[in-house]
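Visitor: I would like to learn how to read a fold, one feature at a time. Could you walk me through an example?

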Amino acid sequence: MKRKVISQILLVLFIYTLVGCASGARYGAMIPDDRSILPAPENFFLKNAITLKEVTGGEETNPMWTSEVGGQELKKALEESLRRKQLLTPPNTGGKYNLSVNLEKVDQPMFGFSFTVTSTADYLLRNNETKDITFDQKISASYTATFGDAAYGPTRLKLANEGSIRENIRQFIEKLLLLN
């Protein structure tokens with residue numbers, strides 16, 4: 001009898017980790033750590049010069065299904081990341097460069113003890129005056145959240161989503177800072 005009760009409890013816990021309410025990626029958790037990227041040089045040509053024109057892609061989370069990365073949350077994370085590195089134009093001013101970002105895909109596992117999520121985004125930076133393309137790259141980045149990070153599956157997937165986007169944004173800004 002005791003084994004049957006324990007088996008039923010374990011079954012309920014297992015089902016609870018597979019099903020449940022999913023929540024979307026939080027924009028604050030998708031912002032790279034300030035220490036992970038060097039600051040922009042004082043005379044850098046993109047300093048305070050980028051306007052985030054549009055962000056496409058992303059998908060709202062259905063609480064009964066899986067965690068996703070919403071377009072608005074991605075936009076907020078990009079804006080704050082660029083602001084922290086002094087690349088975003090001040091509010092109500094026109095930037096010299098327009099940035100368009102398309103989140104192409106977010107590859108997610110369905111189940112497992114470790115969830116590795118890979119995000120792929122296209123970044124296009126264009127000079128407003130000349131219409132020349134300054135930066136045009138597709139960036140893919142992965143992040144793994146383990147059972148140790150969160151025992152609850154939907155939370156583990158959310159952490160993997162956030163980490164993948166955070167790494168994607170970090171790589172983008174790092175590549176921008178290498179431009180001359």
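Guide: Happy to; we will go from the overall layout to the sheet and then to the helices. Please keep in mind that this is a predicted model.

Visitor: Let's begin with the inventory. How many helices and strands does the chain have?

Guide: A good habit is to count the elements and then read their order. Here there are 3 helices and 4 strands, and along the sequence they follow the pattern α-β-α-β-β-β-α.

Visitor: What share of the residues counts as buried?

Guide: For burial, the cut-off is under 20% relative accessible area. By that criterion, 38% of the 180 residues are buried. The accessible surface of the chain is about 10,300 Å², with 55% of it belonging to carbon and sulfur atoms.

Visitor: And what do contacts say about sequence separation?

Guide: Look at how far apart the partners lie in sequence. Among contacts with a separation of 6 or more, 71% come from residues 24 or more positions apart.

Visitor: Now the sheet. In which order do the strands lie?

Guide: Strand order in space is read separately from order in sequence. This open sheet of 4 strands has the order 1-2-3-4, and its pairing is mixed. Strand 1 (50-57) and strand 4 are at the edges with a single partner strand each, so one side of each has no neighbour in the sheet. From one strand to the next, the twist averages 20 degrees.

Visitor: Which strands pair in the parallel sense?

Guide: To see what "mixed" stands for, go pair by pair. Strand 1 and strand 2 are parallel, with 7 bridges, and Leu-52 stands opposite Leu-99 of strand 2. Strand 2 (residues 97-107) and strand 3 (residues 115-127) run antiparallel, joined by 10 bridges; Leu-103 has Ala-121 in strand 3 as its bridge partner. Strand 3 and strand 4 (residues 133-145) are also antiparallel, with 12 bridges, and Phe-115 is matched with Ala-145 in strand 4.

Visitor: What should I look for in the hairpin of strand 3 and strand 4?

Guide: Check the backbone torsions in the connection. This hairpin has 5 residues between the strands, and Lys-131 takes a positive phi near 65 degrees.

Visitor: Finally, which strands does each of the later helices lie across?

Guide: For a helix on a sheet, note the strands it crosses and its angle to one of them. Helix 2 (residues 71-84) lies across strand 1, strand 2 and strand 3, at about 155 degrees to strand 1. Helix 3 (residues 153-177) lies across strand 1, strand 2, strand 3 and strand 4, running at about 150 degrees to strand 4.

Technical notes. Residues numbered from 1 in each chain as written. Predicted model: local features only at pLDDT ≥ 70, side-chain atom pairs only at ≥ 80, totals over all residues. Heavy atoms only, no water. Helix = DSSP H or I, 4+ residues; strand = E, 2+ residues; numbered from the N terminus. Buried < 20%, exposed > 50% of the residue type's maximum accessible area, 1.4 Å probe, protein only. Contact = heavy atoms within 4.5 Å. Areas by Shrake-Rupley, 256 points an atom, 1.4 Å probe, with all protein chains shown as cover. Pairing = 2+ DSSP bridges. Axes fitted to C-alpha atoms, helices over the stretch in contact; angles between N-to-C directions.
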